[in-house]
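The following note is offered to a colleague who has not yet examined this entry. Its points are numbered and may be read alongside the display.

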Amino acid sequence: MKRDGNFAQWLIGIIFTILGTIFVGISVLLFLYEMRSPIGTELFGHLMSFIFCVIGIPFLLIGIGFLVYCVRKKKQKQKLLETGKQIRAAVTGYEINYNVSVNGRHPIRLNCEYRDPYTGSVILYRSGNCWNPGEGYVGQSAAIYVDSGNPRKYYVDIDSIPLYGGANVIDYR
């Protein structure tokens, strides 16, 4: 399985959903157990059940939110790859994404430029996070899939760009 940029979001979503389900499950079990217990102990059981429920529901909602976001993003990417209008744009540069850091490294995002042949206007696109060196992409041509109904929805296919123009580069750094 190829890990895309959303692996951490998938993992967070799964972990939070599991934790939320466990806490809510414990809450339900405590409530059901207290329903059968002798009279006089319901207050403690209901309080514990309420506490577990209050802790579990936010975890569950956050986890489900992350998973829904990841599924929507994956479906949107797949839809653009299948039905989007493919254009070729020149990679003009890259920028370091300082908002993301893994092991002290920051990914890059490619800046692409497309000149519309009909209107003559220049349209700028930005890719998702990429962990390869940016110099190898500059000057190359990238495939961009654009939604014909909404041009603000697009996907820059980084895998379609040959790194360093297809040259076999070995980096021993």
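In which strand is the place of Cys-130? Cys-130 is found in strand 3. The model under discussion is a predicted one.

1. Surroundings of Cys-130. The relative accessibility of Cys-130 is 6%, under the 20% limit, and therefore this residue counts as buried. Neighbours within four places in sequence being set aside, its contacts are Pro-107, Ile-108, Tyr-137 and Ile-158. The C-alpha atoms of Cys-130 and Asn-97 lie 9.4 Å apart in space, while 33 residues separate the two in sequence.

2. The nonpolar core. Sixteen is not a count to be passed over without its members: the largest nonpolar core has 16 residues, and those with the most contacts inside it include Val-91, Leu-110, Cys-112 and Tyr-125, together with Tyr-137 and Ile-144. At least two residues of this core come from each of strand 1, strand 2, strand 3 and strand 4 (141-146). Strand 2 gives the most, with four residues. As a general matter, nonpolar side chains in soluble globular proteins tend to be buried together.

3. Contacts of Cys-112. Residues up to four places away in sequence are again not counted here. Cys-112 touches Ala-89, Ala-90, Val-91 and Thr-92, as well as Ile-123, Leu-124 and Tyr-125. Ala-142, Ile-144 and Val-156 are also touched by Cys-112.

4. Salt bridges. How many salt bridges does the structure hold? There are two. In one, Arg-109 pairs with Glu-95, with the closest N and O atoms 3.4 Å apart. This pair links distant parts of the chain, since Arg-109 belongs to strand 2 (residues 108-115) and Glu-95 to strand 1 (residues 85-96), 14 residues apart. In the other, the side chains of Glu-95 and Arg-126 meet at 3.1 Å, N to O. That pair likewise links distant parts of the chain, Glu-95 being in strand 1 and Arg-126 in strand 3 (residues 122-130), 31 residues apart. Glu-95, Arg-109 and Arg-126 are thus linked in a network of salt bridges.

5. Exposure of the network. Are the members of this network buried, partly exposed or exposed? Arg-109 is partly exposed at 23% relative accessibility, Glu-95 is partly exposed at 25%, and Arg-126 is partly exposed at 38%. Each is placed in that class because the class lies between the 20% and 50% limits.

6. The helices. Helix 1 (residues 7-36) has 30 residues and, at 1.5 Å a residue, should span 44 Å; the distance between its end C-alpha atoms is 44 Å, which agrees. Its buried residues are Gly-13, Thr-17, Gly-20, Ser-27 and Glu-34. Helix 2 (residues 42-83) contains Leu-47.

7. A nonpolar surface patch. Leu-47, Phe-50, Ile-51, Val-54 and Ile-55 make a nonpolar surface patch of about 440 Å². Leu-47 counts as partly exposed, with a relative accessibility of 47%.

8. A backbone feature. Where is Asn-103 found? Asn-103 is in the loop between strand 1 and strand 2. Its phi is positive, about 55 degrees, although Asn-103 is not a glycine. Most residues other than glycine have a negative phi. Asn-103 has a relative accessible area of 80%, and it is exposed because this value is over 50%.

Conventions: Residues are numbered from 1 along each chain as its sequence is written. This is a predicted model: local features need pLDDT of at least 70, side-chain atom pairs count only at pLDDT 80 or more; totals for chains, interfaces and linings use all residues. Side-chain values use heavy atoms; hydrogens and water are left out. A salt bridge is a side-chain nitrogen of Lys or Arg within 4 Å of a carboxyl oxygen of Asp or Glu. Buried means under 20% relative accessible area, exposed over 50%, partly exposed in between (1.4 Å probe, protein chains only). A nonpolar core is a set of buried Ala, Val, Leu, Ile, Met, Phe, Trp, Tyr and Cys residues joined through side-chain atoms within 4.5 Å. Contact means heavy atoms within 4.5 Å. Patches are made of residues with over 30% relative accessible area and no salt bridge: like charges are joined within 9 Å, nonpolar side chains (Val, Leu, Ile, Met, Phe, Trp, Tyr) within 5 Å. Accessible areas come from the Shrake-Rupley method with a 1.4 Å probe; for residues, only the protein chains shown count as cover. The expected span of a helix is 1.5 Å times one less than its number of residues.
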